[in-house]
Amino acid sequence: MRSLFYSVVILFLFSISASAQIDYNSEIQPIFNNSCTSCHGGTSGVTLSSYSATMNSTGSQYGIKIVIAGNADGSPLVDKIEPNPTHGSQMPTNGTLSSDEITKIRQWIAQGANEVATSNEEEELQSPTDYSLLGNYPNPFNPSTTIQLRLKESAEYRVSIYNVNGQRVASMLGRASAGTQQLNVNLAEQPSGIYIYRVRVMQGNKSVFIGSGKMTLVK
Ligand code: HEC
C-alpha cells in the first residue's frame, strides 16, 4: 500500500516535468506582438503576426524557413534574436529580447514548434548510460545526505526535493563537470519522513536526463 502511494507520488512528479510544453498562442505570439510585428506584421517577407504566418516565413538572407521544427540552433529565427547573427543585425533592431523570452522561443522550437502544446511530451532523453543517478548516501540520513550524479559531459543540473505531499521543500541549481558529482542536500529544517528527489540535467535549454529517488530523513 505504501509503495503504491509512493509510486503515485513519483508519477505525479514526472507529470510536473511534462507541463513544461510551450503553447504558441499564449506564450510565443505575445513576444512577437510586443517586439516584432511593428516591423514584421505585413504581408510579405518575414511575418510574425500569427502561427501560420510565422511558420511560412522564409528569411531572404538565410534562404530557408525561419523556423525548423525540432532544431532551435538551425532556425534563422533563433539565430536572429541571439547576439551576432549570421546575417544582418540582432532582432529586434530597437533592443533585445529578455533571456527568458529567448529561452521560451528556443524551447518552443526544440519541442517541435507546435501551435498547441501536446500533452504527451517526451523530451529527447539521452541514453541512461550518458547520465545516471547513483543513489544517495547516507540513507537514512540526518540532516544531510549526498546525491551522486554521473555525467558524461559538463552540464547544468537542478535538484528538487519533494515531501510525500508533493510539495517542493528545497531545490538547487548548478553546473557540474563530467564524471561523478556529489550533490549535497541538507534538510535540517524539515521533519522526519520520506522525501523524493528529482534531478534534471540540462544542456542549453534542453533536458537530457531526468531521474528521481527516494530518501529517508530520521531525526
Ligand atoms: C524596427 C524594425 C524591426 C523590428 C522591431 C524587428 N525586426 Fe526583424 N528585421 C528588420 C529588418 C530591417 C530586417 C532585415 C535586415 C536584417 O536582417 O538585419 C529584419 C530581418 C529579420 C529576419 C531575417 C530575415 C532574412 O532575411 O533572413 C528575422 C528572422 C527577423 N528579422 C526576426 C525578427 C524578430 C523575431 C523580431 C522580434 C523579436 C524582429 N525581427 C523585430 C526589422 C525589424
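Let me start at the iron atom of the ligand, whose protein donors in this predicted model are His-40, through NE2, and Met-91, through SD, both lying 2.0 to 2.2 Å from the metal. The six donor atoms around the iron subtend angles of 85 to 178°, and the arrangement is therefore octahedral. For comparison, the ideal angles for six octahedral donors are 90 or 180 degrees.

Where in the chain do His-40 and Met-91 come from? His-40 sits in helix H3, residues 37-40, whereas Met-91 belongs to the loop between helix H5 (76-81) and helix H6 (99-110), so that the pair, 51 residues apart, links distant parts of the chain.

Are these two residues buried or exposed? His-40 has a relative accessible area of 22%, and Met-91 has one of 21%; because buried is taken as under 20% and exposed as over 50%, His-40 counts as partly exposed, and Met-91 likewise counts as partly exposed.

Let me now turn to the sheet. Four strands make up an open sheet, in which the order is S4-S3-S6-S7 and the pairing is antiparallel. At its edges are strand S4, residues 168-176, and strand S7, residues 206-217, each of which pairs on one side only. Ignoring direction, neighbouring strands of this sheet are turned by 15° against each other on average.

Within the sheet, I would like to look at one pairing in particular, that of strand S6, residues 193-203, with S7: the two run antiparallel and are joined by eleven bridges. If you want to follow the register on the structure, one place to look is Arg-198, which stands opposite Ser-212 in S7.

How values were computed
Residues are numbered from 1 along each chain as its sequence is written. This is a predicted model: local features need pLDDT of at least 70, side-chain atom pairs count only at pLDDT 80 or more; totals for chains, interfaces and linings use all residues. Side-chain values use heavy atoms; hydrogens and water are left out. Two strands pair if DSSP finds at least two bridges between them. Axes are lines fitted to C-alpha atoms, for helices over the stretch in contact, and angles run from 0 to 180 degrees between N-to-C directions. Donors are N, O and S atoms within 2.8 Å of the metal (3.2 Å for Na, K and Ca); water is not among the atoms, so sites may look incomplete. Four donors count as tetrahedral if all angles lie between 85 and 135 degrees; four count as square planar and six as octahedral if opposite donors are over 155 degrees apart and all others between 65 and 115; anything else is irregular. Buried means under 20% relative accessible area, exposed over 50%, partly exposed in between (1.4 Å probe, protein chains only).
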